[in-house]
Amino acid sequence: AVAAPGAPALTTLGATAHPFHGAHQPGITTPAQTHGHLVALDLAPGAGRREAADLLRRWSTLAARLMAGEAPPDDTDVARDAGPAALTVTIGLGHGFFDATDLAAARPAALAPLPVFSNDALDPARSDGDLWLQVGADDALVAFHALRALQRAAAGTAAVRWQMTGFNRSPGATARPMTSRNLMGQVDGTNNPKPTDEDFDQRVFVPEGGDPGWMAGGSYVVVRRIRMLLDDWERVSEAEQERVIGRRKSDGAPLTGGDETTPVDLEATDADGGPVIAANAHVRVSAPETNGGAAMLRRPFSFHDGFLDDGSPDAGLLFVCWQADPLRGFVPVQRKLDRGDALSAFVKHEASALFAVPGGAAEGEYVGQRLLEG
Ligand SMILES: C=CC1=C(C)c2cc3[nH]c(cc4nc(cc5[nH]c(cc1n2)c(C)c5CCC(=O)O)C(CCC(=O)O)=C4C)c(C)c3C=C
Ligand SMILES: [Fe+2]
């Protein structure tokens with residue numbers, strides 16, 4: 001997909017490239033792209049450890065090429081003329097992968113199925129899976145091209161179980177870089193752990209010498225398809241919408257004052273002595289301070305898959321969150337949100353999955369090699 005000599009230079013958007021090789025897989029701390037595909041695949045009957053290893057090697061080689069903006073052999077030309085456009089490919093392993101490959105003894109304890117939450121309305125056909133791919137790019141054709149190439153490379157070994165497509169704001173759409181908004185109109189992502197935080201790596205990545213050893217540099221991803229009940233949400237006043245979250249809609253600032261980056265003051269009281277941030281406000285219930293320090297890196301995509309028969313949008317958030325251990329990240333926070341989050345009245349969790357995402361591959365190595373050949 002490299003431009004011909006003498007052709008006009010690609011814009012920054014097209015030319016942006018992320019490395020595939022490194023300590024961690026791409027697509028975790030890389031800025032969320034405009035277009036995202038999340039895909040789960042199941043291993044074919046009869047596909048075992050050797051076939052799985054071959055597939056992970058093929059995917060790793062292909063991902064490295066695509067992310068560098070190079071066309072794979074037998075290309076479909078869909079991304080011809082485009083640069084890598086910030087493409088990332090992330091590869092994960094689900095609970096069933098370890099049974100199919102006779103590696104159950106190496107399955108991380110952290111991959112135990114997530115608890116059932118009382119408000120869940122999960123569709124098994126759009127949940128779980130043996131393998132997972134996350135493809136993100138700032139160009140829709142680049143993203144589709146990579147997705148299709150990865151699917152073709154799996155033929156005979158693994159078949160698609162479910163696929164979800166999402167989006168974020170395009171780079172350059174706002175006058176200055178800003179935290180993205182979700183489909184409820186809220187500034188979403190403000191109080192995420194930052195790579196500059198002292199405990200960032202500890203929260204997000206499995207340490208060297210962690211358990212199991214082959215997951216060093218890896219992370220666990222929780223994926224939830226959360227439909228937003230937008231007809232109900234949009235009927236509510238802006239003041240009430242702000243009480244539900246605990247932040248201002250216009251700029252994401254806490255209701256306790258300041259600007260978007262000002263810490264939320266959970267202790268603040270109003271003239272009547274009541275809490276400024278309501279007891280069931282989303283930011284109070286989900287904050288690390290009220291969850292024994294539990295935290296996760298949220299890197300979601302919005303989705304819109306048309307309209308349901310009643311005319312309501314089938315739209316919401318492909319909630320994707322990353323943590324070194326789901327029991328110190330998603331699970332305790334979701335348990336608390338499930339019991340007492342003001343936002344619950346406006347959302348429905350419809351699909352769920354948890355994957356182990358191994359550490360990044362070194363040059364010449366493939367993702368998961370330390371598990372499959374360790
Ligand atoms: C289990 C984890 C979480 C789920 C599920 C979840 C769903 C969800 N969240 C929003 C909108 C916002 N969330 C915000 C903050 C926030 N959310 C979570 C966790 C889950 N959210 C955390 C840990 C935090 C940070 C809390 C803090 O420390 O302050 C915000 C505020 C802005 C921000 O910090 O990002 C918004 C807005 C929606 C719409 C949603 C489901 C559709
Ligand atoms: Fe949230």
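Me: What makes a residue buried or exposed in this predicted model?
Reply: The model is predicted. The test counts other C-beta atoms within 10 Å of a residue's own C-beta atom. With 20 or more the residue is buried, and in between it is partly exposed. The cut-off for exposed is 12 or fewer.

Me: Is Asp-74 buried or exposed?
Reply: Asp-74 sits in the loop between helix 2 and strand 2 (88-93). Its phi is near 60 degrees, a positive value in a residue other than glycine. Asp-74 has 7 C-beta neighbours inside 10 Å, so it counts as exposed.

Me: And Asp-102, buried or exposed?
Reply: Asp-102 belongs to the loop between helix 3 (95-100) and strand 3 (131-137). It is not a glycine, yet its phi is positive, about 60 degrees. Because it has 11 C-beta neighbours inside 10 Å, Asp-102 counts as exposed.

Me: Is Tyr-220 buried or exposed?
Reply: Tyr-220 lies in strand 5. Its contacts beyond four places in sequence include Ala-110, Gln-323 and Leu-354. It has 26 C-beta neighbours inside 10 Å, so Tyr-220 counts as buried.

Me: How many Å apart in space are Tyr-220 and Val-206, C-alpha to C-alpha?
Reply: In sequence, Tyr-220 and Val-206 are 14 residues apart. In space, their C-alpha atoms are apart by 8.6 Å.

Me: Which residues have the most contacts inside the largest nonpolar core?
Reply: This core has 94 residues. Helix 2 (residues 49-67) gives the most to it, with 8 residues. The residues with the most contacts inside the core are Leu-87, Val-89, Ala-146 and Leu-150.

Me: Which residues is Leu-87 in contact with, leaving aside neighbours within four places in sequence?
Reply: Leu-87 is among the residues with the most contacts inside the largest nonpolar core. Leaving aside neighbours within four places, its partners are Leu-66, Met-67, Ala-137, Val-142 and Ala-146.

Me: Where on helix 9 are its buried residues?
Reply: Helix 9 covers residues 330-340, and its buried residues are Phe-330, Val-331, Val-333, Gln-334 and Leu-337. They cover an arc of only 165 degrees around the axis, which means that they lie on the same side of helix 9.

Me: What covers the buried residues of helix 9?
Reply: Two strands and a helix are included in the cover. They are strand 5 (219-228), helix 8 (282-286) and strand 8 (313-323).

Me: Which element gives the most to the shell around ligand 1?
Reply: Ligand 1 is surrounded by 28 residues, and Gln-334 is one of the closest. Strand 5, helix 8, strand 8 and helix 9 each give two or more residues to this shell. The most, 4 residues, comes from helix 9.

Me: How many residues of the shell around ligand 1 are nonpolar?
Reply: The shell also has 10 polar and 3 charged residues. The nonpolar residues number 15.

Me: Which residues does a cis peptide bond join?
Reply: One partner, Pro-212, is in the loop between helix 5 (200-204) and strand 5. Omega of the bond is about -5 degrees. The two joined residues are Asp-211 and Pro-212.

Me: Which residues does UniProt give to "domain: Dyp-type peroxidase C-terminal"?
Reply: The annotation comes from an unreviewed UniProt entry. In the model, the end C-alpha atoms of the span lie 30 Å apart, and the span is 18% helix and 22% strand. UniProt's annotation covers residues 179-361.

Notes
Residues are numbered from 1 along each chain as its sequence is written. Chains are lettered from A and ligands numbered from 1 in the order in which they are written. This is a predicted model: local features need pLDDT of at least 70, side-chain atom pairs count only at pLDDT 80 or more; totals for chains, interfaces and linings use all residues. The arc is that of the directions from the helix axis to the C-beta atoms. Two residues are in contact if their C-beta atoms, placed from the backbone, lie within 7 Å. A nonpolar core is a set of buried Ala, Val, Leu, Ile, Met, Phe, Trp, Tyr and Cys residues joined through C-beta atoms within 7 Å. A residue is near a molecule or strand if its C-beta atom, placed from the backbone, lies within 6 Å of it. Ala, Val, Leu, Ile, Met, Phe, Trp, Tyr, Cys and Pro count as nonpolar, Asp, Glu, Lys and Arg as charged, and the others, Gly among them, as polar. UniProt positions are given in the numbering used here, feature names are shortened, and annotations may be inferred rather than shown by experiment.
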